[in-house]
Amino acid sequence: MYDVIALGEALIDLAPLGALSADAQAGPVDESAAAPAPGDAAGASTLPGSPVYAAHPGGAPANVAAALAKLNRSTAFIGKVGHDGFGRLVAQTLKGCGVDTTGLVYAEGVPTTLVIVDLADDGERSFTFHRNPGADSTLAPDEVRFDLIQNAEVFHFGSVSLTRDPARTATLRALAHAKQCGRFISFDPNVRLALWDTPEAARQTILSCLPEVDLLKVSEEELDFLTGDADPERGTAQLLREYDVGIVFVTLGKDGCFYRLHQETGYVPAPAVQAIDTTGAGDAFVAGVLSHLSDPNLRSRLNRDALASIARFANAVAALSTTKTGGIPAMPARETVEAFLRNTGERPQL
């Protein structure tokens, strides 16, 4: 039985390398396999001032699966990559983290999706997708391993796989199957409006999934987009009232997070770190939450104090992920998170 199975996009984040010092780089899982040879991309001569990019396997659901594996939870991933070097790198990296990739399939003639990541001085990022189409969007319903979903405690998904068919239909059928099997449903919309036909299409599609969801994670901006109210108390109350979503986390960046457990709410501050790249921080946060809520015994006795402790742990996972570059390569191990919490004196008690 898997603790968590994640379905959705797996892709390559091309992150700027030249502006960062060598000791800030997070190495790939298998450095010997991914190290550039003389004349390869990262080692090639470039014109003065031209950017150099590093290829980091990522994609929000893939990040969550990998982060959970690093937190010592059993995970599997369902998705699609190209039958190309980048697709093989994604598969190798997921496997290296301990993720079961039997649900990962390969597209013929469609490349692995690429995302250009631009970083600001404070580590905040923006994205440009090269996906017209990308392999992740071609996942077909008959390629989904429904047996994997049936054998997991938690089903986790996002909204990028809902942006176009056939991946949209595949995702919705997987969600319906997970619900039918009585799985705990986790949803992080991870809104990327550039991938949708219109903002309203994105909003309505995401909202249509909420009645099936047990756990929702949104950013402050996404809460405003979905409800028209960026205030976490009011916005999450609206989601509870209209869609009966009982557990909601709103991530607030360096300010930590807000949580709601039905009528109980609270804020948990984030630990201070020197952030260099916030790519995947929200996914790291989700993994920190699911590393606890994948336990049905904990879910059965969940209360406000327990949720606050989970939030502290998730904040630490997210904060540590921002101290290295990339998505999957930057996800911290459980031992690292626990040592960090001990040093800050905020080790959660669950």
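This report describes the sheet, the salt bridges and several individual residues of a predicted model.

Local features are given where pLDDT is at least 70, side-chain atom pairs count only at pLDDT 80 or more, and totals for chains, interfaces and linings use all residues. Residues are numbered from 1 along each chain as its sequence is written, and side-chain values use heavy atoms, with hydrogens and water left out.

## The sheet

An open sheet is built from 9 strands in the order 5-4-1-8-9-10-11-12-13, with mixed pairing. Strands (E, at least two residues) and helices (H or I, at least four residues) are DSSP runs numbered from the N terminus, and two strands pair if DSSP finds at least two bridges between them. Strands of a sheet pair through backbone hydrogen bonds, either parallel or antiparallel. The edges are held by strand 5 (100-107) and strand 13 (264-268); each has a single partner strand, so one side of each is left without a neighbour in the sheet. From one strand to the next, the twist averages 15°; axes are lines fitted to C-alpha atoms, for helices over the stretch in contact, and angles run from 0 to 180 degrees between N-to-C directions.

Edge strand 5 runs parallel to strand 4 (residues 75-82), and 6 bridges join the two. Within this pairing, Lys80 stands opposite Val105 of strand 5.

Strands 8 and 9 also run parallel, joined by 5 bridges. Here Val154 has Phe184 in strand 9 as its bridge partner. Strand 9 (residues 184-188) is mostly covered, with 5 of its 5 residues buried. Buried means under 20% relative accessible area, exposed means over 50%, and partly exposed lies in between (1.4 Å probe, protein chains only). Phe184, Ser186 and Asp188 point one way from strand 9, whereas Ile185 and Phe187 point the other way, and all are buried.

## Salt bridges

Side chains of opposite charge can pair when their charged atoms come close. The whole structure contains 13 salt bridges, a salt bridge being a side-chain nitrogen of Lys or Arg within 4 Å of a carboxyl oxygen of Asp or Glu. Among them are the following pairs.

| Pair | N to O distance |
|---|---|
| Arg299 and Glu153 | 3.5 Å |
| Arg168 and Asp165 | 3.4 Å |
| Arg334 and Glu338 | 3.5 Å |

The salt bridge between Arg299 and Glu153 links distant parts of the chain: Arg299 lies in helix 10 (residues 296-300) and Glu153 in strand 8 (residues 152-158), 146 residues apart. Arg299 is partly exposed at 22% relative accessible area, and Glu153 is partly exposed with a value of 22%.

In the pair of Arg168 and Asp165, Arg168 is partly exposed with a relative accessible area of 25%, and Asp165 is partly exposed at 42%.

Arg334 and Glu338 both belong to helix 12 (residues 334-344), where being 4 residues apart places them about one helical turn from each other. Arg334 is buried, its relative accessible area being 11%, while Glu338 counts as partly exposed at 23%. Elsewhere, salt bridges link Asp229, Asp231 and Arg234 in a network.

## A buried glutamate without a salt bridge

Glu222 is located in helix 7 (residues 220-227). Glu222 is buried yet forms no salt bridge, and the nearest side chain of opposite charge, that of Lys217, is 4.7 Å away; Lys and Arg count as positive and Asp and Glu as negative, while His and the chain ends are not counted. The side chain of Glu222 does reach the backbone nitrogen of Asn190 at 3.4 Å. This is a polar contact (a pair of N or O atoms within 3.5 Å; within protein, one must be able to donate a hydrogen and the other to accept it, and residues adjacent in sequence count only if both atoms are side-chain atoms). Leaving aside neighbours within four places in sequence, Glu222 is in contact with Asp188, Pro189, Asn190, Val191 and Lys217, where contact means heavy atoms within 4.5 Å.

## Two further helix residues

Thr93 occupies a place in helix 3 (residues 85-97) and counts as buried at 5% relative accessibility. A polar atom of the Thr93 side chain lies 2.7 Å from the backbone oxygen of Leu89.

Leu172 belongs to helix 5 (residues 167-180) and is partly exposed, with a relative accessible area of 37%. Apart from neighbours within four places in sequence, Leu172 is in contact with Leu162 and Cys209. Its C-alpha atom is separated by 9.4 Å from that of Ser161, 11 residues apart from Leu172 along the chain.
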